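Colleague: I have a few questions about how the terms are applied here. Could you put the structure up so that we can go through them together?

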Amino acid sequence: MPATAPLPARQEGLRKFQKVNDVLERYGWDATNLIAILQQIQAEYRYLPQDILTYVATALGRSPSEIFGVATFYAQFSLEPKGKYEVRLCDGTACHVRRSIPVLQAIREKLGLAPGEQTTKDMRFSVETVSCLGACGLAPVVVINETVYPQMTPEAAVKMLNEINAREDSAQ
Amino acid sequence: MPHMKIDGREIAFDAETNILQVVRKAGIELPTLCYQAHLSPFGACRMCVVDAGARGVVTSCTTPPEDGLEIRTASDRVRRVRKMALELLLASHDRNCLTCGKSGLCKLQDYAERYGVETVRFFNPTDEVKQPIDDSNPCIVRDPNKCVLCGNCVRVCYEHQGMHVLDFAGRGANVTVSPAYGKALADVDCVYCGQCATVCPTGAIQVRGEIDAVTRALNDPSKTVVFQVAPAVRVGLGELFGLPVGTNVEGKIATALRRMGADRVFDTNFAADLTIMEEATEFLHRMETGEGLPLFTSCCPAWVKLAEQSYPELLPHLSTCRSPQQMFGAVVKTYFARDTAQDVADIVCVSVMPCAAKKFEARRPEFAIAGQPDVDAVITTQELARMIRAYGLDFTSLPDEPWDQPYGESTGAAVIFGAAGGVAEAALRTAYQQLTGEELTRDLWQTTAPGETSREAEVTIAGTTVRIATVNSLAAAAALITRMKAGEAPYHLIEVMACPGGCVGGAGQPPHDTLARRACRAQGLAAIDHGSERRQSHRNTAVQALYAEHLDTPNSHAAHETLHTAYASRRRIEESITLEGGGPVMVEVCVGTCCFQQGSYATLQKFGKLLRQHGLDDAVALSATFCFERCGQGPNIAVNGQVIENAVPERAEEIFRDVVLPAITTADACV
Ligand code: SF4
Ligand code: SF4
Ligand code: SF4
Ligand code: FES
Ligand code: FES
Ligand code: FES
């Protein structure tokens with residue numbers, strides 16, 4: 001038999017799919033609960049995979065275009081895979097004026113993201129820009145998962161990524 | 001009766017549901033981009049604004065009329081708001097009117113001119129990045145760079161067709177209208193009815209053109225170009241040349257096609273009579289045996305595609321008769337070729353249709369002989385008008401010429417195919433005669449109100465009550481099927497047409513703007529029927545001759561070969577969910593709509609459990625997929641590509657033991 005990945009990883013898919021069904025079950029397979037259902041699924045997958053959305057549409061008896069419309073309307077949902085660390089960089093007016101773009105460039109370069117690419121190959125980081133985070137006094141602002149990093153510079157951003165990498169590498 | 005004051009004039013109103021309708025009643029044409037009488041009001045484009053004094057500037061399409069309300073339709077405020085709204089729409093619009101197929105029929109273009117938008121002061125994103133154009137299919141072309149987000153297509157597809165193929169996606173400045181995941185129409189459920197194109201005010205959704213292929217054939221001396229013209233076209237085309245709605249211009253069409261170089265100009269009506277001979281016989285046979293009832297008509301390719309995608313269990317109920325377009329194509333390529341001793345390869349069959357979906361139907365692989373399609377090209381009523389203009393013909397002053405024979409003869413029963421209810425009525429006329437020996441004298445349907453999407457009738461034939469229903473919208477079809485499944489709709493014959501009012505309201509017809517326009521065209525067809533000497537398909541002598549020479553009798557072996565077809569489940573979604581990694585044996589469980597409803601999800605779970613119990617996760621790649629095109633026999637699973645039908649959860653263990661385990665053993669042996 002060909003070499004195989006460790007079992008737990010292979011079980012992932014089915015386990016997550018089971019979760020999707022648990023979620024649907026919990027909300028009574030009822031499309032009026034769509035937003036809550038999508039939130040739970042995103043919590044499981046960290047994004048909304050297309051095939052799963054199609055499945056949700058089938059299971060709720062709705063059209064995939066409608067589910068897609070809802071999933072793209074709310075900023076909280078992502079249809080792209082997200083990294084374990086979600087880097088959100090503010091490019092609102094205040095942050096922009098305080099030079100947020102060089103910070104973004106430094107981060108993307110450090111992570112080796114190709115143009116248009118949002119998530120690193122190893123799924124450790126994803127990077128996106130958002131509009132005003134309501135912390136203009138601290139501009140430019142970067143938020144990683146729940147942690148706010150104020151007054152960022154390109155150098156500080158790279159240092160912060162290095163720290164995360166070091167922590168992750170030693171954990172493995 | 002309550003009154004409103006419009007531009008100083010007192011106007012009475014009663015059943016009008018919004019100010020717009022009252023204003024139109026007063027003879028004032030307000031611009032509208034997002035209003036369609038047969039769809040829910042949306043109130044997004046702000047074209048239809050009126051000045052309601054102290055109440056401000058309101059959108060007339062969403063504001064109900066009120067007694068004593070005073071409004072002005074062209075105040076400075078109104079003009080300012082409207083012009084700004086237009087300028088903003090134009091700002092993000094790909095303004096290449098000169099090369100746009102909608103030019104001349106585009107509302108945005110018209111309004112920009114009418115309301116004097118002379119400059120656009122904003123940056124245009126389509127100058128820099130254009131969104132991709134979807135021309136994935138033979139019927140509809142979507143160009144999102146021309147979309148004004150009026151939502152008409154979204155609402156017609158959902159409200160009228162029940163399809164919900166299109167919807168808004170994204171938000172803020174990034175809103176678009178698109179199929180799920182931004183896919184192409186060819187990769188989603190779209191049935192190509194083209195109703196979205198009929199309500200699109202701009203060139204963002206258009207019926208795909210194929211004039212070039214036709215003119216190329218006309219210019220090729222080695223080809224015999226044979227035309228057929230559908231019933232609805234003759235009462236539609238005239239509108240594009242300023243004639244009153246519903247005028248029958250068939251004589252001018254024949255002349256125009258000859259002047260453009262057509263070798264034969266025939267009438268699809270001939271094939272409609274032929275269809276009735278076959279379909280009435282099929283219907284009577286089913287009435288006799290009681291099998292396959294109700295019989296659904298199959299002339300509308302949009303409906304056929306929907307049935308194949310979503311109602312596999314109803315496929316045995318669909319009439320096996322090809323549509324008139326395809327019967328005609330087959331007759332031309334088989335018997336016309338033989339009778340005129342021509343090589344089929346030299347014959348080009350072109351149809352002129354009121355329809356977008358007919359372009360898809362003509363390309364279905366089963367409608368071809370040795371890879372050569374029976375119908376080579378399909379142009380719409382609008383495309384024919386364009387050709388006539390390109391050839392420089394002054395249409396209205398053309399003389400009237402007859403169709404060529406033998407496929408130019410037809411009866412009144414054929415021409416009503418073009419309007420909702422017509423096919424059922426025509427079939428019944430012939431069935432009635434065959435059972436009773438007498439002609440059915442009364443008309444089946446009284447004239448319908450515009451917008452009525454479903455009707456029913458009862459006729460007693462030789463002591464049997466025959467119940468007939470006709471629907472002219474796919475949402476109405478779905479509702480009827482639901483009732484039918486609940487045992488509440490005991491019909492014998494059901495006619496389904498996708499477009500409002502039937503084919504007279506098809507996507508290839510001139511712009512519709514009102515439902516009344518469609519009804520006028522239908523009246524034009526009814527007038528031709530009533531004026532016909534013969535009004536029953538079995539009295540078409542050319543059809544009789546075709547049977548005598550080639551086809552024997554209706555539903556004969558030869559007729560089945562040439563005039564009938566078969567249906568199959570169609571996959572709706574190309575996707576699958578990978579659930580567990582590699583392994584030499586592949587197990588796919590269908591979670592498509594039909595299989596899901598039949599319990600496939602429980603089957604899937606059982607398989608997951610069984611694999612774990614036997615410690616075989618490594619040996620099997622388990623996935624969920626969205627359809628094997630055997631929906632009627634579901635739930636379905638596939639083991640290494642071999643489909644196992646009726647895989648209900650109760651059978652999971654048995655299938656696992658008898659099919660999956662042996663497959664694993666074999667795979668092991670191979671390694
Ligand atoms: S062609 Fe018909 S089914 Fe397809 S998107 Fe348009 S309205 Fe919907
Ligand atoms: S595609 Fe046409 S009908 Fe649909 S929203 Fe855009 S402009 Fe309106
Ligand atoms: S109703 Fe007529 S025009 Fe409309 S899709 Fe069906 S066949 Fe075509
Ligand atoms: S602009 Fe960045 S926090 Fe306000
Ligand atoms: S037509 Fe009234 S707002 Fe669009
Ligand atoms: S849904 Fe079509 S085969 Fe399962």
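Colleague: What separates the centres of domain 2 and domain 4 of chain B?

Modeller: In this predicted model, 42 Å lie between those two centres, taken over C-alpha atoms. Domain 2 of chain B covers 91-208, and domain 4 covers 576-670. The other two are domain 1 (3-74) and domain 3 (212-563).

Colleague: How do you know where those domains begin and end?

Modeller: The bounds come from an automatic or database domain assignment. For chain A, that assignment gives domain 1 (7-73) and domain 2 (85-171), with 29 Å between their centres over C-alpha atoms.

Colleague: What confidence does the predictor give chain B and the complex?

Modeller: Chain B has a mean pLDDT of 92, and 98% of its residues reach 70 or more. For the complex, the ipTM is 0.85 and the pTM is 0.88.

Colleague: Why is Ser600(B) called buried?

Modeller: Buried means under 20% relative accessible area. Ser600(B) has 0% relative accessibility, so the residue counts as buried. Ser600(B) sits in helix H22 (residues 600-613) of chain B. Leaving aside residues up to four places away in sequence, Ser600(B) touches Val589(B), Cys590(B), Val591(B), Cys595(B) and Pro635(B).

Colleague: Why is Trp29(A) called partly exposed?

Modeller: Partly exposed is the range between under 20% and over 50%. Trp29(A) has a relative accessible area of 26%, and therefore counts as partly exposed. Trp29(A) also has a positive phi of about 50° although it is not a glycine. Its place is the loop between helix H1 (7-26) and helix H2 (34-45) of chain A.

Colleague: What makes a positive phi worth pointing out?

Modeller: Most residues other than glycine have a negative phi. His164(B) is another non-glycine residue with a positive phi, about 55°. This histidine, His164(B), lies in the loop between helix H5 (152-160) and strand S7 (167-169) of chain B.

Colleague: And is His164(B) buried or exposed?

Modeller: His164(B) has 9% relative accessibility, so His164(B) counts as buried.

Colleague: What makes helix H3 of chain A mostly covered?

Modeller: Of the 11 residues in helix H3 (residues 50-60), 10 are buried. Among them are Asp51(A), Ile52(A), Leu53(A), Tyr55(A) and Leu60(A). After H3(A) comes Gly61(A), with a positive phi near 65°. Over chain A as a whole, 44% of the 172 residues count as buried.

Colleague: How is chain A built up along its sequence?

Modeller: Chain A has seven helices and four strands, and they follow the pattern α-α-α-α-β-α-α-β-β-β-α. The C-alpha atoms of chain A fill a box of roughly 50 × 45 × 25 Å along the principal axes. Of the contacts in chain A between residues at least 6 apart in sequence, 64% join residues at least 24 apart.

Colleague: How do you know that the span of helix H18 of chain B is close to the expected one?

Modeller: The expected span is 1.5 Å times one less than the number of residues. Helix H18 (residues 515-531) has 17 residues, for which 24 Å is expected, and the helix reaches 25 Å from its first C-alpha to its last. The buried residues of H18(B) include Leu515(B), Arg518(B), Leu525(B), Ile528(B) and Asp529(B). Among the elements covering them are helix H6 (195-199), helix H8 (231-234), helix H15 (412-415) and helix H16 (422-436) of chain B.

Colleague: What are the omega values of the cis peptide bonds before Pro294(B) and Pro406(B)?

Modeller: From Leu293(B) to Pro294(B), omega is near -5°. From Gln405(B) to Pro406(B), omega is near 10°. Pro294(B) is in the loop between helix H10 (268-289) and strand S12 (295-296) of chain B, while Pro406(B) is in the loop between helix H14 (381-390) and H15. Most peptide bonds are trans.

Colleague: Finally, how do the residues around ligand 1 divide into nonpolar, polar and charged?

Modeller: The shell has nine nonpolar residues, one polar and no charged. The residues surrounding ligand 1 include Cys157(B), Met163(B), Cys190(B), Tyr192(B), Cys193(B), Gly194(B) and Cys196(B). Cys and Tyr count as nonpolar, and Gly is among the polar residues.

Methods
Residues are numbered from 1 along each chain as its sequence is written. Chains are lettered from A and ligands numbered from 1 in the order in which they are written. This is a predicted model: local features need pLDDT of at least 70, side-chain atom pairs count only at pLDDT 80 or more; totals for chains, interfaces and linings use all residues. Side-chain values use heavy atoms; hydrogens and water are left out. pLDDT is the predictor's confidence in each residue, from 0 to 100. A residue is near a molecule or strand if one of its heavy atoms lies within 4 Å of it. Helices (H or I, at least four residues) and strands (E, at least two) are DSSP runs, numbered from the N terminus. Buried means under 20% relative accessible area, exposed over 50%, partly exposed in between (1.4 Å probe, protein chains only). Contact means heavy atoms within 4.5 Å.
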